[in-house]
Amino acid sequence: MFEEDRLSLVPLGGLGEIGLNCMAFCQSGDMVLVDCGLMFPEDYHLGVDVIIPRFDFVVEKRSELRGIVLTHGHEDHIGALPWLVPLLDKPDIYGSPFTLALVEHKLRERGLLDQVSLRRIDPERELRLGVFGFRFLPVSHSIVDGLALGVETPVGRIVHTGDFKLDSNPLSGPGTDLEAFRGFAGERGARLLLSDSTNVENNGYSMGERKVLEALRAAFHQAGGRILVTLFSSNIQRIQEVFDCALETGRKVAVSGRSLVNNIEMARKLGYLSIPDGLYLELGDLSPDLPDRQITLLVTGSQGEPLSALARIVWGEHKHLGIHPGDTVIMSSRLIPGNTSTVNRMINELYRQGAEVLYYQAGGIHASGHAYRGELAAMLEAVRPEYFIPIHGEYRHLVKHAHLAKTHGLYEDKVFILTDGQTLSIGDGDARPGPLVPAESILVDGKGVGDVGQVVLKERQILGAEGMVIVLLLLDRKERRPLGPPEIFSSGFVFDQQYSHVLEEAALLTQEILDEGFPDNYDKFQEKIRSTLRRFFRRVIGRDPLVVALVRAA
């Protein structure tokens with residue numbers, strides 16, 4: 001499929017959507033996979049748990065796989081590993097300490113830990129995987145241990161930014177060092193830059209984390225009652241700020257939510273969290289005599305997830321906690337598209353119960369982990385690439401990032417807007433689109449992987465909007481006659497007592513179809529019942545339910 005003397009980039013996800021980040025580097029019989037992320041479903045993905053990339057390409061070339069390199073530990077970069085790992089032959093997975101701790105926990109829960117080799121990278125040394133040499137460049141992001149990749153290839157140096165932002169005065173860690181990027185790119189600049197596009201629509205520079213700390217500190221000092229903070233459980237730096245503010249204002253901190261508890265323990269063991277003794281309490285250790293003004297609750301549920309700690313607290317379903325009048329609730333995270341109505345409903349209920357809420361419209365309580373337009377321009381200027389591919393974003397983000405690159409000196413034919421499955425081939429003297437590979441995303445519903453498609457989703461949408469009608473007809477095959485009149489049941493369609501005459505007429509229509517002749521082909525007979533009744537319901541009451549005809553012969 002690919003020319004071995006040319007580098008082929010194979011995006012399996014992350015181009016045209018937020019999530020599913022996964023890209024293969026292929027050359028000279030060697031393949032390295034960068035990231036393996038999932039995407040969370042939208043409202044129209046009824047019943048779907050998560051969405052993962054299609055791994056056919058990786059599985060077909062698994063004998064060439066030299067390793068999986070992870071840029072950081074967010075779910076949209078590591079979340080699909082439990083579905084890929086069983087398809088491979090004990091792959092080597094490379095990452096920073098906190099990233100690998102998250103992967104280890106994820107795979108252990110699935111009983112897959114013995115099917116991989118987790119290998120911690122050394123930022124001071126090059127990692128050699130086949131013909132590829134990887135250098136690791138620390139970056140600021142909303143999770144600790146984020147990395148960009150500097151990749152030495154036979155056709156030149158490539159920079160893959162991962163998710164990043166510029167923070168001139170980070171609270172912890174080295175931040176994003178543009179001089180390190182400039183140094184890797186060399187005097188002539190890199191051959192190719194792949195850069196995060198998520199926030200290209202925002203002008204200027206993103207807010208630094210110190211501003212968030214100032215806003216949190218002000219909120220802690222002003223609050224007269226309990227403080228409930230919800231955030232992404234992987235945002236270890238923000239969690240540290242909550243503990244620091246609680247210590248400063250004489251509060252104890254209790255945590256509710258399994259992912260938060262797990263991540264806090266992992267971060268403490270690895271030295272990323274510093275929590276003084278006596279500050280962090282178990283929920284059961286919170287004394288009923290402790291005044292509200294001395295309590296901080298760190299809880300999951302920033303996106304209104306129904307089973308999260310905050311949702312259960314708000315709706316009265318938590319075993320130990322409820323909302324007190326005078327509580328201050330701080331929602332310190334971005335709002336993921338599709339969750340707006342759920343989160344707003346929860347915020348309204350918090351106000352009904354007497355709480356004050358600081359959420360996404362309150363300035364300063366959250367800072368994005370993705371670079372704004374000014375930061376993306378600075379990265380382009382530091383790397384000075386010959387070719388450019390915008391990654392990690394919806395399609396409009398990719399287009400706008402491509403426009404930005406062209407304003408910074410790249411010619412039209414040097415910028416490639418790719419979509420999932422559209423490969424790019426780079427040789428010594430040129431770069432051009434390569435062949436397409438299968439890259440349609442896979443829907444995961446329970447233990448089913450890929451068995452839910454557009455047809456099933458459409459049926460679920462009809463069920464939700466129009467309801468269902470079931471027609472049951474039993475036939476005596478030997479006597480070639482019905483064993484009784486057609487029975488019709490409905491669910492979510494009409495109130496049976498009010499519309500019983502409609503269902504009775506539907507039964508008569510079914511009988512008329514049978515009167516036309518005893519069926520020899522039951523599939524065609526069932527389809528005729530289905531189509532006839534759908535037309536009938538549309539004509540009589542203007543509804544289009546899912547009609548299921550069950551014809552059984554005895």
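In this predicted model, strand β1 is joined to strand β22 (residues 422-426) by 3 bridges, and the two strands run antiparallel. Within this pairing, Ser8 has Ser425 of β22 as its bridge partner. Strand β1 also pairs with strand β3 (residues 22-27), again in the antiparallel sense, and here 5 bridges make the connection; Gly13 is matched with Cys22 of β3. Because 7 of the 7 residues of strand β1 (residues 7-13) are buried, this strand is largely enclosed by the rest of the structure. As a general point, strands of a sheet pair through backbone hydrogen bonds, and they may do so either parallel or antiparallel.

The antiparallel pairings described for β1, together with one that belongs to the sheet discussed further below, are set side by side here.

| Strand pair | Sense | Bridges | Bridge partners |
|---|---|---|---|
| β1 and β22 | antiparallel | 3 bridges | Ser8 and Ser425 |
| β1 and β3 | antiparallel | 5 bridges | Gly13 and Cys22 |
| β10 and β11 | antiparallel | 6 bridges | Phe134 and Val151 |

Turning to the protein as a whole, it has 15 helices and 29 strands, and its C-alpha atoms fill a box of roughly 85 × 70 × 45 Å, taken along the principal axes. Of the 554 residues in the protein, 54% are buried, while the exposed area comes to about 24700 Å², of which carbon and sulfur atoms supply 48%. Among the contacts with a separation of 6 or more, 72% are between residues 24 or more positions apart.

An open sheet of 6 strands follows the order β9-β10-β11-β12-β13-β20, with mixed pairing. Its edge strands, β9 (127-129) and β20 (387-391), each pair on one side only, and the twist from one strand to the next averages 20°. Inside this sheet, strand β10 (residues 132-138) and strand β11 (residues 147-153) are paired over 6 bridges, with Phe134 standing opposite Val151 in β11. Two helices can be placed against these strands: helix α5 (residues 178-185) lies across β10, β11 and β12 (156-160) and runs at about 155° to β12, whereas helix α12 (residues 395-407) packs on the sheet by touching β13 (192-196) and β20, its direction making about 150° with that of β20.

The loop between β10 and β11 contains Ile143. Is this residue buried or exposed? Ile143 counts as buried because its relative accessible area is 4%, which falls under the 20% limit used for that class. Apart from its neighbours within four places in sequence, Ile143 is in contact with His72, Gly73, His74, Phe98, Leu102 and Ser234. Between Ile143 and Val261, the separation is 118 residues in sequence and 16 Å in space, C-alpha to C-alpha.

A further feature is a pair of packed helices. Helix α14 (residues 500-515) and helix α15 (residues 522-541) pack at an angle of about 145°, their axes lying 10 Å apart, and α14 passes α15 in a right-handed crossing. On the side of α14, the residues making the contact include Val502, Leu509 and Ile513, and on the side of α15 they include Phe525, Phe536 and Val540. Sorted by class, this contact has 12 nonpolar, 2 polar and 2 charged residues.

Notes. Residues numbered from 1 in each chain as written. Predicted model: local features only at pLDDT ≥ 70, side-chain atom pairs only at ≥ 80, totals over all residues. Heavy atoms only, no water. Axes fitted to C-alpha atoms, helices over the stretch in contact; angles between N-to-C directions. Helix = DSSP H or I, 4+ residues; strand = E, 2+ residues; numbered from the N terminus. Left-handed = near helix turned anticlockwise from the far one by under 90°. Contact = heavy atoms within 4.5 Å. Nonpolar A, V, L, I, M, F, W, Y, C, P; charged D, E, K, R; others polar. Buried < 20%, exposed > 50% of the residue type's maximum accessible area, 1.4 Å probe, protein only. Areas by Shrake-Rupley, 256 points an atom, 1.4 Å probe, with all protein chains shown as cover. Pairing = 2+ DSSP bridges.
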